[in-house]
Each structure stands twice: as C-alpha cells, then as structure tokens.
Amino acid sequence: KTAKERLGVVPAGISDILLGDMYRFVGTKDDVDNYICFGYTDATKDCTLTSDYMYRIIGITPEGELKLIKNTAVGDKSSKSFYWHSAYDPLSCDNGSCTWPNALIFERLNGTSGGITGGSNGKANIFVDSEAYPYMSQNSTWYSKIAEHTWWYGDAYSSAGASVTADQMYLRETGQQEVDQGYDTSGSHLNASKWPSNQTTDAKIGLMYLHDYYYSYSIDYANNKYANCYSSSAGCKNSWLHISNNGKSDDHQNEWSMTRYGRKSDGYLIGWYPYSSGSVNYHSLDASLSVRPVFYLLSSVNISGGIGTSSNPFIIENEIEKENS
C-alpha cells in the first residue's frame, strides 16, 4: 500500500521506493512528518512530544503494516535504562542461551517468563513501573492492534560488521549476506558464514535494527552515497530516529538495538547500540541503556485523522471509541 492509501496523505519524508523491506521515513527531525499517537484514549489528554502516547512511524510495509517506535525511552526517571541481557560470559551464554528470544529485554518487552502473565495488571514487566501504559495491558484493544511479527536476530561482528551501507546492513540483519561470526566460547575465530535462515522468532515487540537507523539518515545515504553510521557520527546524529531528536532530557542517550555484536576473543558477548554521538557502538549485554519499544500495527488498523506533524500527529481509529461516539 502507498502512503496515501495507508495514511490518507503523503507525509513529508516518506521514500517513494522500497528501502530494504518497506517505504521509510528518511531525513532530519525537521524533514519528516511521522508522528503518531498510540494508546490515545482520552480526547482531553494531549499527545505531546514527551507523552507516553507519542510514537513515530519508521516505515510502511508493502502489505500496509506501520512500523512504530516510541518517541521517548520507556520507564520513569528512576528506571529509564535496561539490560539487553543479564549475562554475557562464555559459561552463562553457551548454546544460544543469550540470543534475542532468550534475552532479558525480550522477556521484559513481550511478557514471557513472568512478564504479561505475571506482571501488574497484565502488562509486560517493562511497562509495570509506570501507569502511563494502560494500552499495553494484554486485554487492551490497543494491544490487540499490534501484529505478531517475525523478527530476525543475529550478530554483526566487529567494525567490518557495521561499517557498511544501509542496504548491506539490511541484508546482514535479515540473513541474506555473509557476516563474520566472531569467536566461539573457547576463543577460536569462526569463519565468515551466512546466518542460518531459521534465526527468526515471532513476537509482538522488538527494538530497532541497525539498518532502521542507517536508512533513516538521508535519502542519499539510504542510496549508499554516504558513509555508514559506524563512522559518520555527526551526520547520523541528525537523523530523526536518533534518541536525542526524540527523547526526554533525562533519557539515556545510548539505546539498545536488536543486533548483537557477537563474541570477542575472550568469549564474552556484546551488543550494538546507536551511540550518543550519532555513531553506532557496542557494549557488554548487561549495560543499562535506553529502550524504545518497536512494533508493527496490523494492516487492518485505520488512521482516522492527523497529518503526522508533532502538533497534529496521526490518530489511530479505536473501535470502542467509535462505537461510543
């Protein structure tokens, strides 16, 4: 579906060609009109830039799913950063135990292992600490608008793994291009090999990919005319997707991505994140960084108003509100 068909307008900054797997918003924070309210149930409550209802649209799939990212980091002032995983050493992370489906942040976002079923008011436990997320209740009509999606996961080892174009990063993160696998738990270097095609998991909520961040910087960049975000820190920090152009002043300026770096020669696992400077960097999986949930809206979810600006964001039609109007 086109942006006009999906959103009712052609908003500023949407690409007219597929970038990776979707039509994406590309440019600086002033170049794109991709603000959208999610969980907005009270017409008297403002959906502002710092509101927990404000999200941004990363892109639109050809099938019409909208990919959203929360505008600000999740959590309150006392708890606004989270581990990717609680372990990263060779002993604890053998046999796939520290991959994305087993990661602590995956569990906290999706409610596995005591999250949604064991959390307060039926919410995944990353949302439990704040009452600002009633829409993340398992029984919420808003939560039912989030698609169960297939997420790729794997490693992009070393600077060679991230010092690539947006297209190359997309191919690497979706298992379509060979990547260096780093080291095994014994410290032996593994040969470059293609990620197994079965490295996927189905879930409602994830994080941004590195390729989401790479594509977002500029249209020339997305077409591979500029340096990548591994080295082009100043340019990439201008991207609308960088947390400094979205979050609250007390948000941690480094935020986790879906993608691990892999094992270092000592066998320890580390992960990639967009850095405060605008480049991408890596850290041990137990670092406390910002988390901005990412999810896809079902293609059947309708947009009922708005034009995508921060003062007039897109509004999602809520069937309960529609019935009561």
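This is a short talk on how one predicted protein model is put together.

Hi everyone, and thanks for having me. Please keep the structure open while I talk. One thing to remember throughout is that this is a predicted model.

Let's begin with the whole chain. The chain holds eight helices and 15 strands. It has 325 residues, and 54% of them count as buried. The accessible surface is about 12,800 Å², and carbon and sulfur atoms make up 44% of that. Now think about which residues touch which. If you take the contacts with a separation of 6 or more, 62% of them are between residues 24 or more positions apart.

Now find strand S3, residues 54-60. How many of the residues of S3 are buried? Seven of the seven are, so strand S3 is largely enclosed by the rest of the structure.

Let's look at the strands that pair with S3. Strand S1, residues 23-24, runs antiparallel to S3 and is joined to S3 by two bridges. There, Arg-24 sits opposite Gly-59. Please hold on to the name Arg-24, as we'll come back to that residue. Strand S2, residues 35-37, also pairs with S3 in the antiparallel sense, over three bridges. In that pairing, Cys-37 is opposite Met-54. Then comes strand S4, residues 66-70, which forms five bridges with S3, again antiparallel. One pair to click on here is Arg-56 with its bridge partner Ile-69 in S4.

S3 and S4 form a hairpin with five residues between the strands, and in that hairpin Gly-64 has a positive phi near 100°.

Just before S3 there's a residue I'd like you to find. Asp-52 is in the loop between S2 and S3. Is Asp-52 buried or exposed? Its relative accessibility is 14%, and the cut-off for buried is under 20%, so Asp-52 counts as buried. What does its side chain meet? The side chains of Asp-52 and Lys-70 are joined by a polar contact of 2.8 Å.

Next, the nonpolar core. The largest one has 82 residues, and among those with the most contacts inside it are Ile-36, Phe-38, Leu-68 and Trp-100. S3 gives this core its largest share, five residues. Let's zoom in on Leu-68. Setting aside its neighbours within four places in sequence, Leu-68 is in contact with residues including Ile-36, Phe-38, Tyr-55 and Ile-57. The list also takes in Pro-293, Val-294, Phe-295 and Leu-297.

Now for the charged side chains. The count comes to five salt bridges. Here is where Arg-24 returns. Arg-24 forms a salt bridge with Asp-21, and their closest N and O atoms are 3.0 Å apart. With a relative accessible area of 29%, Asp-21 is partly exposed, whereas Arg-24 is buried at 2%.

Which other residue does Arg-24 meet in a salt bridge? That residue is Asp-212, at 2.7 Å from N to O. Arg-24 is in strand S1 and Asp-212 is in helix H5, residues 210-215, so this pair ties together parts that are 188 residues apart in sequence. Both Arg-24 and Asp-212 are buried. If you step back a little, you'll find that Asp-21, Arg-24, Lys-67 and Asp-212 are linked in a network of salt bridges.

There's another salt bridge to visit, between Glu-255 and Arg-292, with the closest N and O atoms 2.7 Å apart. Glu-255 is in the loop between helix H7 and strand S10, while Arg-292 is in the loop between strands S12 and S13, and the two residues are 37 residues apart. Glu-255 is buried at 2% relative accessibility, and Arg-292 is buried with a relative accessible area of 2%.

Last stop: strand S5, residues 149-152. In a regular strand the side chains alternate between the two faces of the sheet. S5 shows this pattern: His-149 and Trp-151 point to one face and are buried, while Thr-150 and Trp-152 point to the other face and are not buried. S5 pairs with strand S8, residues 200-203, in the antiparallel sense over four bridges. For Thr-150, the bridge partner in S8 is Asp-202.

If you take one picture home, take S3, with its seven residues buried and S4 paired alongside over five bridges. Thanks for listening!

Note on methods. Residues numbered from 1 in each chain as written. Predicted model: local features only at pLDDT ≥ 70, side-chain atom pairs only at ≥ 80, totals over all residues. Heavy atoms only, no water. Buried < 20%, exposed > 50% of the residue type's maximum accessible area, 1.4 Å probe, protein only. Contact = heavy atoms within 4.5 Å. Areas by Shrake-Rupley, 256 points an atom, 1.4 Å probe, with all protein chains shown as cover. Pairing = 2+ DSSP bridges. Polar contact = N/O pair within 3.5 Å; in protein donor to acceptor, adjacent residues only side chain to side chain. Core = buried A, V, L, I, M, F, W, Y, C linked by side-chain atoms within 4.5 Å. Salt bridge = Lys/Arg side-chain N within 4 Å of Asp/Glu carboxyl O.
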